[in-house]
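I opened this entry to keep track of what I looked up. The notes follow the order of the look-ups.

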Amino acid sequence: MTGDGNTRISKDHYFMNIAVEVSRRSTCTRRQIGAIIVSDVGEIKSTGYNGNPRGLPHCEEMGCIRDEMKIPSGTRLETCTAVHAEQNALMQAGTNSRGSTLYSTIVPCPICARMILNAQVARVVYIGDYSDLSGLELLEQAGVAVTRMDPGAFEKQLSR
């Protein structure tokens with residue numbers, strides 16, 4: 001407890017709050033995702049949100065091709081030109097992601113999970129589910145510690 005009667009939040013809650021805030025920079029019209037990479041000593045190494053690569057128009061400007069083609073979530077990922085939040089965070093962190101914790105507002109897709117494994121991230125913390133849970137299965141199979149936080153604890157932040 002702090003001196004004013006407030007309860008101090010956990011490190012996981014603190015860092016996930018930051019990932020939620022990062023998600024608000026997303027240019028995706030379908031789903032805003034945020035991710036941060038935190039070292040084993042609690043230093044934020046990078047942040048990432050989903051959106052089109054630099055130099056391409058954003059979906060909020062041109063519309064969502066996946067919506068236009070009625071492609072369900074979790075399928076035909078190659079159709080979308082956006083870079084996932086986890087991918088952006090991993091690219092920015094580089095080798096600083098080794099041994100780190102990745103906080104994401106959603107469970108990583110299978111492509112992101114493979115990148116997380118090769119980056120040697122030690123732990124993944126997420127709040128939202130994804131239609132394809134095979135990424136979660138890959139992480140667990142490879143021995144990455146995975147923690148799902150209660151999405152209800154972040155409802156206010158996610159609805160802004």
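Entry 1, the sheet. What is the order of the strands in the open sheet, and what is the pairing? I worked from a predicted model throughout. The sheet has five strands in the order E2-E1-E3-E4-E5, and its pairing is mixed. E2 and E5 are the edge strands with a single partner each, so each has one side without a neighbour in the sheet. From one strand to the next I got an average twist of 15 degrees.

Entry 2, strand E1. I asked how many of the five residues of E1 are buried. Five of the five are, so E1 (residues 34-38) is largely enclosed by the rest of the structure. I then sorted its side chains by direction: Gly34, Ile36 and Val38 point one way, Ala35 and Ile37 the other way, and all are buried. In a regular strand, side chains alternate between the two faces of the sheet.

Next I listed the partners of E1. With E2 (residues 44-49), E1 pairs in the antiparallel sense over five bridges. Isoleucine 37 has serine 46 of E2 as its bridge partner, and valine 38 stands opposite isoleucine 44. E1 and E2 form a hairpin with five residues between them. In that turn I found glycine 42 with a positive phi of about 90 degrees. With E3 (residues 101-106), the pairing of E1 is again antiparallel, over four bridges. There valine 38 stands opposite threonine 101.

Entry 3, helix H4. I checked which strands H4 (residues 85-93) lies across. They are E1, E2 and E3, and H4 runs at about 145 degrees to E2.

Entry 4, aromatic pairs. A search of the whole structure gave me two aromatic pairs. In one, the rings of phenylalanine 15 and tyrosine 103 have centres 5.4 Å apart and planes at 40 degrees, so I logged the pair as tilted. Phenylalanine 15 is in helix H1 (residues 11-23) and tyrosine 103 is in E3, so this pair ties together parts that are 88 residues apart in sequence. Both phenylalanine 15 and tyrosine 103 are buried. Ring pairs link Tyr14, Phe15 and Tyr103 into a cluster.

Entry 5, helix H6. Which residues of H6 (residues 134-141) are buried? I found Gly135, Leu136 and Leu139. Viewed down the axis of H6, the buried residues fall within an arc of 100 degrees, so they line one face of the helix. Glu137 and Gln141, on the other side, are exposed. The cover over the buried residues of H6 includes helix H5 (110-118), strand E4 (123-128) and strand E5 (145-148). After H6 comes glycine 143, with a positive phi near 85 degrees.

Entry 6, nonpolar cores. The largest nonpolar core has 22 residues. Ile37, Leu90, Leu102, Ile116, Val121, Val124 and Leu139 touch the most other members. E1, H4, E3, H5, E4 and H6 each supply at least two residues of this core. H4 gives the largest share, four residues.

I followed up leucine 139, leaving aside neighbours within four places in sequence. Leucine 139 is in contact with Pro108, Ala113, Ile116, Leu117, Val124, Val144 and Val146. Apart from the largest core I noted another, of twelve residues, among them Phe15, Ala19, Val20 and Val38.

Conventions
Residues numbered from 1 in each chain as written. Predicted model: local features only at pLDDT ≥ 70, side-chain atom pairs only at ≥ 80, totals over all residues. Heavy atoms only, no water. Buried < 20%, exposed > 50% of the residue type's maximum accessible area, 1.4 Å probe, protein only. Pairing = 2+ DSSP bridges. Phe/Tyr/Trp six-rings, centres within 6.5 Å; stacked < 30°, edge-to-face > 60°. Arc of directions from axis to C-beta. Contact = heavy atoms within 4.5 Å. Axes fitted to C-alpha atoms, helices over the stretch in contact; angles between N-to-C directions. Core = buried A, V, L, I, M, F, W, Y, C linked by side-chain atoms within 4.5 Å.
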